[in-house]
Amino acid sequence: MSCKQTQLLFWGGPPDVGKMLGGEEKEEDPDAAKKEEERQEALRQQEEERKAKYAKMEAEREQMRQGIRDKYGLKKKEEAEAEAAAAAEEPAAGSLTRPKKAVPAGCGDEEEEESIMDTVMKYLPGPLQDMLKK
C-alpha cells in the first residue's frame, strides 16, 4: 500500500475506497426479500393490535359515559343537537315568514309560565328538582 492509499483509509475518502483497494464487496442477502416481508407483516400485526386495544378502551369509556348520562338524565350531544334542530324546523315548516319571537317572562299567562317551569324542571337533575320544589 502506498502512503496515499493509507491516508485515504484513515482519513476517509470516497465510500468505495475499500473496493478500489481490493477489499471485499458486501454480498446481497438472498433472504432479504423474505425478511423484509416478515418485518412488514409484523408491523401490520402490531398496528392491528394497537387499534384493537384503543377500540376496546374507547368502548369502555363510552360505557362509562353512558352510565353517567343515565345517572344524571343527560342526553348525548348529537341527540340534543338533533332535537334542537328538529324543534327549530317544525314551526317554520309550513310558514313562509320567519318564526315569531318568544314572549318574555312575565308577559304571558300564569298557566303558560307554569308550563315553562315544568319544562325546565324536567331537564334538571333529581337533587336540584327536589331543592327547587321546596
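**Salt bridges, surface and confidence in an all-helix model**

With a relative accessibility of 43%, R44 counts as partly exposed, since that value falls between the limits of 20% and 50%. The model in which R44 is placed is a predicted one. E41, the salt-bridge partner of R44, is likewise partly exposed, at a relative accessible area of 43%. The two side chains meet with a nitrogen-to-oxygen distance of 3.0 Å. Both residues belong to helix α3 and are three residues apart, which is about one turn of the helix.

The secondary structure comprises six helices and zero strands, and the order of elements from the N terminus is α-α-α-α-α-α. Helix α3 covers residues 32-72. At 1.5 Å a residue, the 41 residues of α3 should span 60 Å, and the C-alpha atoms at its ends are 60 Å apart, so the expected and modelled values agree. Just after α3, G73 adopts a positive phi of about 70 degrees.

Confidence varies along the chain. The average pLDDT of the protein is 75, and 60% of the residues score at least 70. Helix α3 has the highest confidence, with a mean of 95, whereas helix α1 (residues 3-11) has the lowest, with a mean of 55.

Side chains of opposite charge can pair when their charged atoms come close. The structure holds nine salt bridges. One of them joins E47 and R50, with 2.6 Å between nitrogen and oxygen. E47 and R50 both lie in helix α3, again three residues apart and thus about one turn of the helix from each other. Both ends of this pair have some exposure to the surface: E47 is partly exposed at 32% relative accessibility, and R50 is partly exposed with a relative accessible area of 39%.

A further salt bridge is formed between E83 and K75, whose closest N and O atoms are 2.7 Å apart. E83 counts as partly exposed at 41% relative accessibility, and K75 counts as partly exposed at 39%. Salt bridges that share partners also link E58, R61, E62, R65, R69 and K76 into one network.

R69, a member of this network, lies in helix α3. Its relative accessible area is 13%, and R69 is therefore classed as buried, the limit for that class being under 20%. Buried residues make up 3% of the 134 residues in the protein. When neighbours within four places in sequence are set aside, R69 is in contact with E62, L74, K75 and K76. Of these contacts, E62 and K76 belong to the salt-bridge network, while K75 forms the salt bridge with E83 and L74 contributes to a nonpolar patch.

The accessible surface of the protein comes to about 12800 Å², and carbon and sulfur atoms account for 55% of it. The nonpolar patch containing L74 also includes M64, I68 and Y72 and has an area of about 430 Å². M64 is located in helix α3. Its relative accessible area is 60%, so M64 is exposed, the limit for that class being over 50%.

Towards the end of the numbered elements, helix α6 spans residues 126-133 and contains L132. L132 counts as exposed because its relative accessibility, 51%, is over the 50% limit. Residues up to four places away in sequence not being counted, L132 touches M121 and L124. L132 and M121 are separated by eleven residues in sequence, and their C-alpha atoms are 8.5 Å apart in space.

Definitions and conventions. Residues are numbered from 1 along each chain as its sequence is written. This is a predicted model: local features need pLDDT of at least 70, side-chain atom pairs count only at pLDDT 80 or more; totals for chains, interfaces and linings use all residues. Side-chain values use heavy atoms; hydrogens and water are left out. Helices (H or I, at least four residues) and strands (E, at least two) are DSSP runs, numbered from the N terminus. Buried means under 20% relative accessible area, exposed over 50%, partly exposed in between (1.4 Å probe, protein chains only). Contact means heavy atoms within 4.5 Å. Accessible areas come from the Shrake-Rupley method with a 1.4 Å probe; for residues, only the protein chains shown count as cover. A salt bridge is a side-chain nitrogen of Lys or Arg within 4 Å of a carboxyl oxygen of Asp or Glu. Patches are made of residues with over 30% relative accessible area and no salt bridge: like charges are joined within 9 Å, nonpolar side chains (Val, Leu, Ile, Met, Phe, Trp, Tyr) within 5 Å. pLDDT is the predictor's confidence in each residue, from 0 to 100. The expected span of a helix is 1.5 Å times one less than its number of residues.
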